[in-house]
Amino acid sequence: MSLLTLAEVETLARAAHDGRTDKAGRPYAEHLAAVADGVRARGGDPDQIAAAWLHDAVEDAVLSEEWLAAAGLTARTKAIVRALTRGPGESQEAYAARILATPGALLVKEADLAHNADPDRLAVLPEPVRTRLTGKYERMRALLGPHP
């Protein structure tokens with residue numbers, strides 16, 4: 001099986017999330033693009049950029065774990081996507097520990113958190129939602145800890 005190119009991964013991720021919106025009502029693909037751009041800006045490699053495009057696909061059930069297992073992606077990209085897929089009822093501690101234990105996943109999560117916590121993005125949300133999400137993102141950053 002041949003590996004998907006980054007352009008093919010982007011097209012696939014955009015199609016999988018087609019019609020979905022984020023909490024602010026924006027097309028969900030904008031979040032995926034922002035995370036992929038954030039990974040690039042942080043010096044991420046092609047495996048990490050591909051994972052950025054797919055980081056919410058299994059968690060949000062727009063693509064299945066079976067799809068991921070069979071997809072033309074590197075084992076490292078698949079491992080990063082799995083690390084970033086938080087299971088139902090999974091604690092933030094267990095989720096953070098898996099991210100930290102998976103090579104390459106932390107950089108993708110950092111890009112995800114940076115976009116999720118963008119003040120301009122949060123500003124359009126109702127105050128209770130903004131407060132809840134800000135606390136959630138700060139807690140995850142604390143769990144991921146200081147790193148080089």
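1. Let's start with the outside. The accessible surface of the protein comes to about 7400 Å², and 58% of that belongs to carbon and sulfur atoms. Areas here come from the Shrake-Rupley method with a 1.4 Å probe, and for residues only the protein chains shown count as cover.

2. A word on what you're looking at. This is a predicted model, where local features need pLDDT of at least 70 and side-chain atom pairs count only at pLDDT 80 or more, while totals for chains, interfaces and linings use all residues. Residues are numbered from 1 along each chain as its sequence is written, and side-chain values use heavy atoms, with hydrogens and water left out.

3. Now the fold. The protein has 9 helices and 0 strands, so its pattern along the sequence reads α-α-α-α-α-α-α-α-α, where helices (H or I, at least four residues) and strands (E, at least two) are DSSP runs numbered from the N terminus.

4. On to overall dimensions. The C-alpha atoms fill a box of roughly 50 × 35 × 30 Å along the principal axes. A compact globule of 148 residues would have a radius of gyration near 15 Å, and the protein agrees, because its own value is 15 Å. That radius is taken over C-alpha atoms, and the globule rule is 2.2 Å times the number of residues to the power 0.38.

5. How much of the chain is buried? Of the 148 residues, 43% count as buried. Buried means under 20% relative accessible area, exposed means over 50%, and partly exposed is in between (1.4 Å probe, protein chains only). As for contacts (heavy atoms within 4.5 Å), residues 24 or more positions apart account for 61% of those with a separation of 6 or more.

6. Charges next. The mean positions of the 18 positive and 21 negative charges are 3 Å apart. Lys and Arg count as positive and Asp and Glu as negative, while His and the chain ends are not counted. Each charge is placed at NZ of Lys, CZ of Arg, CG of Asp or CD of Glu.

7. Then there's the inside. A nonpolar core is a set of buried Ala, Val, Leu, Ile, Met, Phe, Trp, Tyr and Cys residues joined through side-chain atoms within 4.5 Å. The largest one here has 40 residues, and V39, W53, L54, I99, V108 and L144 touch the most other members. Two or more residues come from each of α1, α2 (28–41), α3, α5, α6, α7 and α9 (127–144). In soluble globular proteins, nonpolar side chains tend to be buried together.

8. Take L144 as a close-up. Leaving aside neighbours within four places in sequence, L144 is in contact with A96, I99, L100, L106, K109 and L113.

9. Have a look at helix α5 (residues 75–83) too. T77, K78, I80, V81 and A83 are buried there. Which helices do the buried residues of α5 pack against? They pack against α3, α4, α6 (92–101) and α7.

10. H115 sits in helix α7 (residues 105–116). Is H115 buried or exposed? H115 counts as buried because its relative accessibility is 18%. Beyond its neighbours within four places in sequence, H115 contacts E30, H31, A34, V35 and R121.

11. Helix α1 (residues 6–16) holds R14, and E10 is in α1 as well. R14 is partly exposed at 35% relative accessibility, and E10 is partly exposed at 25%. Not counting residues up to four places away in sequence, R14 touches A29, A33 and W53. The C-alpha atoms of E10 and A36 are 9.2 Å apart, with their positions 26 residues apart in sequence.

12. Two more arginines are worth a click. R130 is in helix α9 and is partly exposed at 24%; leaving aside neighbours within four places, R130 contacts L122, A123 and L125. R42 is in the loop between α2 and α3 and is partly exposed at 37%. With the usual neighbours within four places left out, R42 is in contact with L107, E110, A111 and A114.

13. Last, an oddity. Most residues other than glycine have a negative phi, and most peptide bonds are trans. A61 is not a glycine, yet has a positive phi of about 60°. A61 is in the loop between α3 (46–54) and α4 (65–70), and counts as exposed because its relative accessible area is 64%.
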